[in-house]
Amino acid sequence: MGKYFKLNTPIPGKLYFSLSVAAFVLLLLAWQLGVTVGHLPPTHLPPPGAVARAAVELAGNGLINDIGISFFRVTTGFLLAAAIGVPLGILMGSLKVAEAFFEPLLAFFRYMPASAFIPLTIIWLSIFETQKIGVVFIGIFFQLVLMVMDVTHNVPQDLIDTAYTLGARPLEVFRRVILPAALPGIMDTLRVALGWAWTYVIVAELVAASSGLGFLIMNAGRQLSTPDMFVGILTIGVLGIICDMSFKLLYRWLFPWTEREV
Amino acid sequence: MALAAAPRASGKKLVVVNLTREFTLKRERITALDGISLEVREGEFVTILGPSGCGKSTLLRIIAGLAEASSGQVYKDGRLIQGPGPDRGMVFQSYTLFPWLTVRKNIEFGLTLKGMDAAQRRQIVDHYLDIIGLAAFADAFPKNLSGGMKQRVAIARALANDPDILLMDEPFGALDAQTRLVMQELLLKVWEETRKTILFVTHDVEEAVFLGDTVYVMTARPGRLKARIPVPLARPRSFEVKNSRPFLELKSRILEQIREESLKAAAMMPAGGG
């Protein structure tokens, strides 16, 4: 038994998996106990069964639609931010003049919370899809650029020097060394940014939307329908995990050469 | 430019003329290299020996064209060096294999840049894989190689590019003692075959004597060349030579010189640092 409690030491895969599952089971158990033994009012904490029933009901009644629309907003905002942010970050990470020009500006914007921009985005972009996408974009773009810049900075100088001594010219060094060396880190950054994108889309939908998971939660709240709120929140969690795992699988498939096991 | 004309006439492979490198650290002017001059013949194996921080790596980087000198010049085949190029291959102390490329792709990196066709690349890579004894690992990624194997591939990669000069910056510094010995013998074997001009930087006296035709001993802060010591040991050398009388005598002679320098360097360090 003691061998499983050594600091920073790997444990068997089966044990790892069982422990992970046990955490979920315990949470469900505690939840049920809170309802039956703790007598918490169902408006505060509905029993798991009620949430499951609400989930089934909602599934047949627009939940898929709400997931779809939120998913669309997240993906569009995320892709837009990545399409501009990744090349810009790489440029800033490899060219000091680009860094000097953009970095202070972006670092300044980074500290303005995206939620503070919501009223402004409503004036600029009305309450259509573009507004929700805009909030997601503002929420992740600045962080993303700066993180991609850091990743690019961290490409070992010795690798770059090696390429020079093998006859590479600056553009070749960029294409053949800096880019491939930075890609796994950029992929990690994107995975983290996608998580934030989900947060911001919900924030946007809570404030000004008539569809999407955030709206579902807001609407359920207005009707004091706590099980529906639970369904909305849990759905976001499940979607988040699916996104995260897809990214990890993609990472393993794209970069079989990395030292790190994921 | 009288200085510029002289090396051209000398016909040496590499000529370093009065090289100085200074930099400012915390407002303090530091002379890393001070008036370094040396000459290397075609096919000569030169080792540069010095304590850590003596600027021997900086010297190598300047010759590679990766760093700039504050003053002085470096000539290769009579031509002034003004930047990095494939004519001066380099092997670093840190592992510098491109981790996203297989062993084969790593070795042919420079050849691909030259636009060489696949069949020719294959032939050259196979040749060097054979020399370093890693043919079975051609398609492995660097993460699956040991430290010694990585450095063997790094040497093969530099040689496959057929440079005029091979610059080696403590390439075996990160390896364990046994692997080091094996690598030294392997390097000598490769050198016997290719007769490349090699500049090899190390802080290990035994390594410097065992490998080199000529050992340059460097001083620390400012980095100067303290002595130029020819190594009259016969070639080809194998590890047995390390126990021979001439080897041991040479080694202790150099150790003495190094010791003076190390003591000086230690005395210059802040309290507690040495």
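Helices and strands are here DSSP runs, of at least four residues for a helix and at least two for a strand, numbered from the N terminus. The structure is a predicted model. With that convention, Thr96(B) falls in the loop that links strand 6 (88–91) to helix 3 (103–107) of chain B.

Thr96(B) is a useful place to enter the structure. Is this residue buried or exposed? A residue counts as buried if 20 or more other C-beta atoms lie within 10 Å of its own; Thr96(B) is buried because 27 other C-beta atoms lie within 10 Å. Its contacts, leaving aside neighbours within four places in sequence, are Asp158(A), Leu159(A) and Thr162(A) in chain A and Ala154(B) in chain B. A separation of 8.3 Å divides the C-alpha atoms of Thr96(B) and Lys150(B), although these positions lie 54 residues apart along the chain.

The contact between the chains can be considered next. Chain A contributes 14 residues and chain B contributes 21 residues. On the side of chain A that touches chain B, helix 7 (157–165) and helix 8 are the elements that give two or more residues. Helix 7 of chain A gives the most to that side, namely six residues.

Strand 6 of chain B, which precedes the loop of Thr96(B), is joined by four bridges to strand 7 (residues 165–169) of chain B, and the two run parallel. Within this pairing, Arg88(B) has Ile165(B) as its bridge partner in strand 7. Which residues of strand 6 point one way, and which the other way? Arg88(B) and Met90(B) point one way, Gly89(B) and Val91(B) point the other way, and all are buried.

The nonpolar interior comes next. The largest nonpolar core holds 80 residues, and Leu49(B) and Leu199(B) have the most contacts inside it. Helix 6 (residues 147–160) of chain B supplies the largest share of this core, with seven residues. Not counting residues up to four places away in sequence, Leu49(B) touches a set of residues that includes Thr202(B), His203(B), Val205(B) and Ala208(B), together with Val215(B), Tyr216(B), Ile254(B) and Ile258(B). Apart from the largest core lies another, of 50 residues, with Ile118(A), Met147(A), Val201(A) and Phe230(A) among them.

In chain A, an unreviewed UniProt entry annotates residues 67–251 as "domain: ABC transmembrane type-1". That span is 86% helix and 0% strand, and its end C-alpha atoms lie 25 Å apart. UniProt also lists several spans under "transmembrane region", including residues 15–34 and 196–217 of chain A. Residues 15–34 are 100% helix, with end C-alpha atoms 28 Å apart; residues 196–217 are 77% helix, with end C-alpha atoms 18 Å apart.

Helix 3 (residues 63–94) of chain A has 32 residues and reaches 45 Å from its first C-alpha to its last, close to the 46 Å expected at 1.5 Å a residue. Where does this helix have a kink of about 25°? The kink lies at Gly85(A), shortly before the proline Pro87(A).

Helix 3 of chain A also takes part in covering the buried residues of helix 9, as do helix 8 (170–207) and helix 10 (226–254) of chain A. The buried residues of helix 9 (residues 213–222) are Leu213(A), Gly214(A), Phe215(A), Leu216(A), Ile217(A) and Ala220(A). Just after helix 9, Leu224(A) takes a positive phi of about 50°.

Methods: Residues are numbered from 1 along each chain as its sequence is written. Chains are lettered from A and ligands numbered from 1 in the order in which they are written. This is a predicted model: local features need pLDDT of at least 70, side-chain atom pairs count only at pLDDT 80 or more; totals for chains, interfaces and linings use all residues. UniProt positions are given in the numbering used here, feature names are shortened, and annotations may be inferred rather than shown by experiment. The expected span of a helix is 1.5 Å times one less than its number of residues. The bend at a residue is the angle between axes fitted to the seven residues ending there and the seven starting there. A residue is buried if 20 or more other C-beta atoms lie within 10 Å of its own, exposed if 12 or fewer, and partly exposed in between; C-beta atoms are placed from the backbone. Two residues are in contact if their C-beta atoms, placed from the backbone, lie within 7 Å. A nonpolar core is a set of buried Ala, Val, Leu, Ile, Met, Phe, Trp, Tyr and Cys residues joined through C-beta atoms within 7 Å. Two strands pair if DSSP finds at least two bridges between them.
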